[in-house]
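I sat down with this one and kept notes as I went. Here is what I looked up, entry by entry.

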Amino acid sequence: MLRDPSTKYRAFPTIDLPDRQWPSRVITQAPRWLSTDLRDGNQALIDPMDAEKKTRLFDLLVKVGLKEIEVGFPSAGATEFDFISGLVKTGRIPDDVFVQVLTQSRRDLIETSFASLDGAKQAIVHLYNAVSPAWRKIVFGMTRDEVKRIAVEGAQILRDEAAKRPSTDWRFEYSPETFSTAELDFSLEVCAAVMDVLRPTPDKPIIFNLPATVECATPNVYADQIEWFGRNIPNRDSVVISLHTHNDRGTGVAAAELGLMAGADRVEGCLLGNGERTGNCDLVTVALNMYTQGVSPGLDLSDIDGIVNTINYCTNIPVHPRTPYAGDLVFTAFSGSHQDAIKKGFAAQSARNDELWEVPYLPIDPADLGRSYEAVIRVNSQSGKGGVAWVIEQDKGLKLPKRLQADFSRHVQALADETSRELGAADIWGRFEATYLPRPTDRFALRDYEESGSAGDRLFVGRVSVDGEERSISGRGNGLISGVIAALGETGPDLDVVDYSEHAIGHGADAQAAAYVECRTADGRTVFGVGMDTDIATASVRAVLSAANRA
């Protein structure tokens with residue numbers, strides 16, 4: 001890398017728009033959406049989709065609720081042409097969906113594009129040509145007037161081809177390709193010339209797509225360009241301003257959002273941001289960003305895993321586990337402090353009287369996207385007591401007291417360090433059983449017991465296995481637990497109960513109960529015991545014996 005990159009690269013110029021309005025605006029409604037998954041996304045693949053995969057992806061786009069879908073580049077070859085014409089001929093296109101095709105501004109390509117849509121109820125033909133200085137000078141060797149003439153002649157062919165097929169409701173889109181790196185006045189001049197040919201109206205507006213074909217500036221510059229264009233294009237009520245951002249700088253989503261704030265009406269992109277180089281705008285991210293602000297995106301993304309699986313299959317491109325909203329790990333916390341905050345957030349959420357979502361680290365409820373809460377917290381060597389307690393509660397229904405959480409987390413931490421891997425629910429439960437629940441090597445094991453007496457004076461009589469030998473023991477106390485401790489007498493350790501809690505596991509006649517006891521030994525150590533049984537009293541007895549075994 002160069003020590004002074006300014007010798008090779010120059011900063012992108014800013015836009016002179018001192019009274020810009022977009023910074024103070026917010027997005028309050030969904031835009032029109034156009035999916036380019038079947039065209040721009042398909043062009044990005046090493047192995048482009050075949051007809052079966054394209055059909056499956058088309059069906060997904062319809063299911064999600066997209067009403068405008070760019071289905072291909074019909075002049076690219078027979079596969080594209082046949083797929084598009086097949087959609088029309090088989091009646092697969094819903095009546096409320098506009099399919100769109102892309103074409104360069106050449107007569108033969110435009111004619112092929114119209115032919116692919118013969119018989120369609122409604123369709124959009126998307127015309128484009130590059131207008132920026134680098135393309136004019138380096139790629140085409142053309143002047144401004146020559147480039148504008150290409151756009152105008154293409155628009156004339158669009159008009160004439162549409163007139164030959166009056167039974168179709170035709171709409172037109174024009175892209176001054178490389179808009180973001182072109183002179184604004186020239187882009188405006190070309191678009192106005194196209195308007196003069198196609199004569200759009202408020203009922204049938206023209207779509208002007210203003211692409212950041214190569215992202216070369218910060219998103220605020222793109223927003224300035226969009227606002228400037230919207231202010232200066234004639235007959236604004238007959239124009240739909242569409243955004244098509246790429247992600248070369250990693251800010252394709254941000255540029256689209258700022259472009260909407262700057263007055264755009266429509267966003268083009270792919271569901272999960274597929275596209276050439278670093279990808280297109282990720283429609284899922286933009287839509288769900290709106291959703292988290294209380295704005296309905298008008299798209300059904302409630303089965304996010306189904307969407308991911310279909311796109312994986314059709315494109316053979318994996319979705320990164322940290323992809324916003326859609327990645328496998330985006331709702332997962334391994335860090336102890338994160339886990340503790342999320343666990344407390346869920347507890348507070350269940351206690352609230354309103355439906356507003358407020359859980360730390362989770363800007364959206366995973367359940368809204370069809371995700372379960374099971375994988376929200378996962379445990380490895382970075383995890384803390386809150387994460388361990390969450391897994392135990394979700395998997396087994398045990399609500400561990402806070403001090404028991406801390407005690408058990410030490411055992412889980414040791415297991416994580418031993419294995420050097422993520423611990424699953426089975427790993428954690430296995431360590432919990434081995435630490436607190438009955439084991440063959442335990443000194444004390446309950447066989448049976450009876451309790452009698454009045455309040456404040458209870459008699460415990462039990463049959464307990466002590467070192468493998470069954471014995472009858474008894475003891476008095478002011479309650480069941482103190483009676484058990486007294487019954488252990490000289491056989492067991494001297495325990496002082498510090499804390500006790502219990503709860504039901506599940507509901508109904510078959511529900512179990514869990515009891516937890518924290519004790520202090522004569523030498524000042526703290527030990528915990530856990531008991532589980534269908535009877536809460538028996539669970540309490542088992543908890544005391546568990547603590548005695550640990551002492």
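**Entry 1: the sheet β12-β13-β14**

I started with one residue pair: Ala504 has Ala513 in β13 as its bridge partner. I should jot down right away that this is a predicted model. Next I checked how many bridges hold β12 and β13 (residues 512-521) together, and I found ten, with the strands pairing in the antiparallel sense.

Then I looked at the whole sheet. It is open, has three strands in the order β12-β13-β14, and its pairing is antiparallel. Which strands stand at the edges? They are β12 (495-505) and β14 (526-533); each has a single partner strand, so one side of each is left without a neighbour in the sheet. Ignoring direction, I get an average turn of 15 degrees between neighbouring strands here.

**Entry 2: the sheet β9-β10-β11**

I went on to another open sheet, with three strands in the order β9-β10-β11 and antiparallel pairing. At its edges I found β9 (444-454) and β11 (469-477), each with a single partner strand, so each has one side without a neighbour in the sheet. From one strand to the next, the twist averages 15 degrees.

I zoomed in on β9 and β10, which pair over ten bridges in the antiparallel sense. One pair I wrote down is Gly453 with its bridge partner Arg458 in β10.

What packs on this sheet? Helix α16 (residues 480-488) does, touching β9, β10 and β11. I noted that the direction of α16 makes about 130 degrees with that of β11. Helix α17 (residues 536-550) packs on the sheet too, touching β9 and β10, and its direction makes about 130 degrees with that of β9.

**Entry 3: one residue, Val464**

I picked Val464, which is found in strand β10 (residues 457-466). Is Val464 buried or exposed? Its relative accessibility is 2%, so I counted Val464 as buried; the cut-off for buried is under 20%.

I then listed what Val464 touches, not counting residues up to four places away in sequence. My list has Phe444, Ala445, Leu446, Arg447, Glu469, Glu470, Arg471 and Ile473. I also checked one distance: Val464 and Phe444 are 20 residues apart along the chain, and their C-alpha atoms are separated by 6.6 Å.

A reminder to myself on strands: in a regular strand, side chains alternate between the two faces of the sheet.

**Entry 4: the strands β2, β3 and β4**

Now the earlier part of the chain. How many residues of strand β2 (residues 68-72) are buried? I counted five of the five, so β2 is largely enclosed by the rest of the structure. β3 is mostly covered as well, with six of its seven residues buried.

β2 and strand β3 (residues 98-104) run parallel and are joined by four bridges. I noted two places along them: Ile69 has Val99 in β3 as its bridge partner, and Gly72 stands opposite Val101 in β3. With helix α3 (residues 78-89), β2 and β3 make a right-handed β-α-β unit.

I followed the chain onward. β3 and strand β4 (residues 122-130) also run parallel, and six bridges join them. Leu102 stands opposite His126 in β4. To get from β3 to β4, the chain crosses through helix α4 (residues 107-116), and this β-α-β crossover is right-handed.

I looked up the record for this region too. The unreviewed UniProt entry has the annotation "domain: Pyruvate carboxyltransferase" over residues 31-305. Over residues 31-305 I get 44% helix and 19% strand, with the end C-alpha atoms 24 Å apart.

**Entry 5: the nonpolar cores**

Last, I looked for nonpolar cores. Which residues have the most contacts inside the largest one? They are Val71, Leu117, Phe208, Leu398 and Phe432, in a core of 127 residues. Helix α7 (residues 184-198) gives the most to this core, with ten residues. Apart from this core lies another, of 25 residues, among them Val464, Ala515, Ala543 and Val544. So Val464, which I had already counted as buried at 2% relative accessibility, turned up again in my notes.

I finished on Phe432. Leaving aside neighbours within four places in sequence, Phe432 is in contact with Ile392, Leu398, Leu400, Phe408, Leu437 and Val530.

Note on methods: Residues are numbered from 1 along each chain as its sequence is written. This is a predicted model: local features need pLDDT of at least 70, side-chain atom pairs count only at pLDDT 80 or more; totals for chains, interfaces and linings use all residues. Side-chain values use heavy atoms; hydrogens and water are left out. Buried means under 20% relative accessible area, exposed over 50%, partly exposed in between (1.4 Å probe, protein chains only). Two strands pair if DSSP finds at least two bridges between them. A crossover is right-handed if, with the strands pointing away from the viewer, the path from the first strand over the helix to the second runs clockwise. A nonpolar core is a set of buried Ala, Val, Leu, Ile, Met, Phe, Trp, Tyr and Cys residues joined through side-chain atoms within 4.5 Å. Contact means heavy atoms within 4.5 Å. UniProt positions are given in the numbering used here, feature names are shortened, and annotations may be inferred rather than shown by experiment. Axes are lines fitted to C-alpha atoms, for helices over the stretch in contact, and angles run from 0 to 180 degrees between N-to-C directions.
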